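Me: I would like a close look at one part of this model. Start there, then work outward.

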Amino acid sequence: MDLIKELKWRGMVQDIMPGTEEQLKKEITSGYIGFDPTATSLHIGSLVPILLLVHMQRAGHRPIALVGGATGMIGDPSGKSEERNLLNENQLAENVAGIKAQLAKYLDFDQSKPNGALMVNNYEWFKEISFIDFLRDAGKHITVNYMMAKDSVKKGLTEKWVSAIQNLLIS
Amino acid sequence: MGISYTEFAYQLMQGYDFYHLFKENNCKLQMGGSDQWGNITTGTEFVRRKAHGEAFAFTCPLIKKADGTKFGKTEQGNVWLDPEKTTPFQFYQFWLNASDVDAESWIKIFTFLDESSIARLIEDHRNDASKRLLQKTLAKEITLFVHGQSEYEKAIETTEKLFANQSKPADEMSIDDLESMAGVIKSNIEKEKIEAGIDIVSLLAETNVASSKGEARKLIQGGGIQLNRKKMDDIQQSIDFGFLLHEKYLLLQKGKKNYYLVEVG
């Protein structure tokens, strides 16, 4: 089954990087999606990502579900219009466990198959990285200019400016 | 003002995730909602610069509703996948209530039916939309996927009891019929109040079917309240023991879709 062709007629492809279709035709490919552990359960907003992973597996590729235990501690500026409340570690661990149990229902994790699904939690690798290492090893590769140009950041900045200006006008 | 350094770092962390999975799991693809494109391409950039590798990505459009309201929310809040938080019946109902326009796009996204089957369904549906064939198929397929066969059957059973059988007089429903109506909101009221006779407006307010007596009056005057499947049109109507089903229940309906089972005791 041609994954992209299948997803296109379903209306499930918006942006696609050049070469993606060729890569999927070339070999069994591992692909991932991140899930935010903001609650103990996923809601139907997460069904599309789940279905994308299931389609991947049906097309013979290997799906990886990434639960954002580390990124969940930070909060995605593009996800909400206000900065997310930072979850405490216990709540987060509970949420990660709940979400993992749900995802396990929809994917085949049989590792004897070449496309057996994987579940990972980015807390596992971020907990090992020191702040200095991250700045030296990761931060060096991406410029602030590059990051500032992203819609998610622009949106975060614009919305906060708008609300600040509104507050000024009101006072 | 602006975004904090912490929030700013989020995209760097997400980008690093892709690099990590590329290195450790030979993962070459990331998917996500279209609002994630920026974070995702930071990841492919990471893979290119730090691992000198090639990584790929595509995104899926965000689900929209034709009427402009937010997808996935109901009056009761989020629609969860956890059956403890959103019952399979409520889950099934969410999809069953999709508009015709939404159902045509959602059936492609939320079911695994093939292209020709879906084309046929859409055509049949357009011929007679009142049968709600698309909504029923959509609700069935996604409930089966998320909750499995037996929960789907229970949701259907409850739906039939509530909706398909609407002409069936309430006093013909057995205690079991009433009590097994999963997804119906349960409420209660003290026996003494019914014994003395309570007006319908106070009953609605006390059982939280209406948020206030004022709202209760409006609902009744607008024809939006049924008691035991009979429309209530008199705000003075007194409710006493004579109305009870099996001597302990009142079945209230607000609007078309909200059912309340009030236990007296």
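Leaving aside its neighbours within four places in sequence, which residues is A:A65 in contact with?

Reply: One caution before the list: this is a predicted model. With neighbours within four places in sequence left out, A:A65 contacts A:I33, A:F35 and A:L53. It also contacts A:L103, A:L107, A:A117 and A:M119.

Now widen the view. A:A65 belongs to the largest nonpolar core, which has 70 residues. Five of them touch the most other members: A:I33, A:L52, A:A65, A:L66 and B:L138. Note that A:I33 is also on the contact list of A:A65. Helix 1 of chain B gives this core its largest share, 9 residues. Another core lies apart from it and holds 23 residues. B:M173, B:I200, B:I239 and B:L252 are among them. As background, nonpolar side chains in soluble globular proteins tend to be buried together.

Helix 1 of chain B deserves its own look. This helix covers residues 5-25, 21 residues in total. From first C-alpha to last, the helix reaches 30 Å, close to the 30 Å expected at 1.5 Å a residue. Most of the helix is covered, with 15 of its 21 residues buried. Next comes B:N26, with a positive phi near 55 degrees.

Then the side of chain B that faces its partner. Here 56 residues of chain B are in contact with 56 residues of chain A. Several elements of chain B each supply at least two residues to this side. They are helix 1, strand 1 (27-33), helix 2 (37-51), strand 2 (56-60) and helix 4 (100-110). Helix 1 of chain B again supplies the largest share, this time 15 residues. Sorted by class, the side of chain B that touches chain A has 25 nonpolar, 20 polar and 11 charged residues.

Step back to the whole of chain B. This chain has 11 helices and 11 strands. Its radius of gyration is 25 Å, well over the 18 Å that the globule rule gives for 265 residues, so chain B is more spread out than a compact globule. Along the principal axes, the C-alpha atoms of chain B fill a box of roughly 80 × 50 × 30 Å. The domain assignment gives domain 1 (5-60), domain 2 (73-164) and domain 3 (173-264). Between the C-alpha centres of domain 1 and domain 3 of chain B there are 55 Å. Buried residues are 37% of the 265 in chain B. Among contacts in chain B with a separation of 6 or more, 62% join residues 24 or more positions apart.

Two loop residues of chain B round off the tour. B:N208 is not a glycine, yet its phi is positive, about 65 degrees. B:N208 is in the loop between helix 10 (200-206) and helix 11 (213-221). B:N208 is exposed because just 11 other C-beta atoms lie within 10 Å, and the cut-off for exposed is 12 or fewer. B:E247 is also not a glycine, and its phi is positive at about 60 degrees. B:E247 lies in the loop between strand 9 (238-239) and strand 10 (249-254). With 9 other C-beta atoms within 10 Å, B:E247 is exposed.

Conventions: Residues numbered from 1 in each chain as written. Chains lettered and ligands numbered in written order. Helix = DSSP H or I, 4+ residues; strand = E, 2+ residues; numbered from the N terminus. Expected span 1.5 Å × (residues − 1). Buried ≥ 20, exposed ≤ 12 C-beta atoms within 10 Å, placed from the backbone. Domains from an automatic or database assignment. Rg over C-alpha atoms; globule rule 2.2 N^0.38 Å. Contact = placed C-beta atoms within 7 Å. Core = buried A, V, L, I, M, F, W, Y, C linked by C-beta atoms within 7 Å. Nonpolar A, V, L, I, M, F, W, Y, C, P; charged D, E, K, R; others polar.
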